[in-house]
Amino acid sequence: LDAGPSLRFWASASLMVMAFFRAWRTDPNRGVDPTDLFADPHESGETVRFCKACKGYRPPRAHHCSKCRKCVLRYDHHCMCFRSCVGQGNAKFFILFLLYGFLTSVIYLVAAVSFSLSLEDRRKLHAPLPSGRWVALVLVTEVAAFGGSVALSRLLAHHAYLLATNRTSLDLYRMSVQGTHGDADAVRTLNPWDKGLLANIREVLGPTTLLWLLPVAAPHPLA
């Protein structure tokens, strides 16, 4: 890689790794026990459910994960990559991992393709060519980077939509099960969490715009 693409690649890759470890190591509840939030469900005025496994009432959008053996606030899904759930406390890190993973793949792919195309010019100029093993390695990693960028782009687009509409994957699944597509009133009824684009983003990425793209913890709304 040339200096410019190399700097961009390592900056993006570093942020990707940081986001991965923060998503992996951060408790999705960030120390908040969901069953402690509603000791008396009648006082909250909200519809809450009793979790038999945790033996307590869990707030709306909390879901019991059988793999983690606990209720998770703003549950999105259980991620096998992190061996943990994606929830209120680590959703930001998960989204940033997808974002920087996608950018890292694209940056490398563009640089690798540019390198491959330059080989023909080197042949014409009778310039020294890299070894066959090096060329093969670049071609293999090009394919891997292309596949990674496609997969991550789809995941990133999905979670960007969820972020913008203040939904989770579980919310979207429940909406599809109830068959409300095309019915705007029903969709709004099933998604009472939508506060508008900016407020929805701030709920996950935090109130400070300058920190949205950095893998630092956003204030927990229930902490």
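# Exercises on a predicted protein chain

Arg-167 has its place in the loop between α4 and α5 (169-177), where helices (H or I, at least four residues) and strands (E, at least two) are DSSP runs numbered from the N terminus. The model is predicted, so that local features need pLDDT of at least 70 and side-chain atom pairs count only at pLDDT 80 or more, while totals for chains, interfaces and linings use all residues. Residues are numbered from 1 along each chain as its sequence is written, and side-chain values use heavy atoms, with hydrogens and water left out.

## Exercise 1: the loop between α4 and α5

Determine whether Arg-167 and Asn-166 are buried or exposed, and describe the backbone of Asn-166.

Step 1. Buried means under 20% relative accessible area and exposed over 50%, with partly exposed in between (1.4 Å probe, protein chains only). Arg-167 is buried because its relative accessible area is 9%.

Step 2. Asn-166 also has its place in the loop between α4 and α5, and with a relative accessible area of 0% Asn-166 is buried.

Step 3. Most residues other than glycine have a negative phi. Asn-166, although not a glycine, has a positive phi of about 55°.

Step 4. For a link across the sequence, take Arg-167 and Asp-194, which are 27 residues apart in sequence and 7.7 Å apart in space, C-alpha to C-alpha.

## Exercise 2: the overall layout

State how many helices and strands the protein chain has, and in which pattern they follow along the sequence.

Step 1. There are seven helices and six strands in the protein chain, and reading along the sequence gives α-α-β-β-β-β-β-β-α-α-α-α-α.

Step 2. Of the 223 residues, 39% count as buried. The exposed surface of the protein chain is about 13200 Å², of which carbon and sulfur atoms supply 62%; these areas come from the Shrake-Rupley method with a 1.4 Å probe, and for residues only the protein chains shown count as cover.

Step 3. Contact means heavy atoms within 4.5 Å. Among contacts between residues at least 6 apart in sequence, 57% join residues at least 24 apart.

## Exercise 3: the nonpolar cores

Find which residues of the largest nonpolar core touch the most other members, and which element gives the largest share.

Step 1. A nonpolar core is a set of buried Ala, Val, Leu, Ile, Met, Phe, Trp, Tyr and Cys residues joined through side-chain atoms within 4.5 Å. The largest such core has 20 residues, and those that touch the most other members are Phe-82, Phe-94, Leu-98, Leu-163, Val-204 and Leu-205.

Step 2. Two or more residues of this core come from each of α1 (3-25), α3 (91-124), α4 (132-165) and α7 (197-205), and α3 gives the largest share, eight residues.

Step 3. Leaving aside neighbours within four places in sequence, Phe-94 is in contact with Ala-23, His-77, Cys-79, Phe-82, Val-86 and His-159.

Step 4. Another core, of five residues, lies apart from the largest one and includes Val-72, Tyr-75, Cys-85 and Leu-170.

## Exercise 4: the largest cavity and Arg-74

Give the volume of the largest cavity, and name the residues of its lining that lie nearest its centre.

Step 1. On a 1 Å grid over the protein atoms alone, a cavity is a set of points where a 1.4 Å probe fits but cannot get out, and lining residues have an atom within 4 Å of a point. About 120 Å³ of space lies in the largest cavity.

Step 2. Its lining consists of 13 residues, of which Arg-74, Asp-76, Ala-91, Ile-95 and His-159 lie nearest the centre, and the elements that give two or more residues to this lining are α3 and α4.

Step 3. Arg-74 lies in the loop between β4 (70-72) and β5 (77-79), has a positive phi near 50°, and counts as buried because its relative accessibility is 8%.

## Exercise 5: Ala-145 and Ser-84

List the residues that Ala-145 and Ser-84 touch, not counting residues up to four places away in sequence.

Step 1. Ala-145 is found in helix α4 and counts as buried at 9% relative accessibility. On the count asked for, Ala-145 touches Ser-105, Tyr-108 and Leu-109.

Step 2. Ser-84 is found in strand β6 (residues 84-86) and is buried, with a relative accessible area of 10%. On that count, Ser-84 touches Pro-28, Cys-68, His-77, His-78 and Cys-79.

Note on methods: On a 1 Å grid over the protein atoms alone, a cavity is a set of points where a 1.4 Å probe fits but cannot get out, and a pocket is an open set with protein on both sides within 12 Å along at least five of seven lines; lining residues have an atom within 4 Å of a point. Grid points are joined across faces, edges and corners, and a volume is the space filled by probe spheres set on the points.
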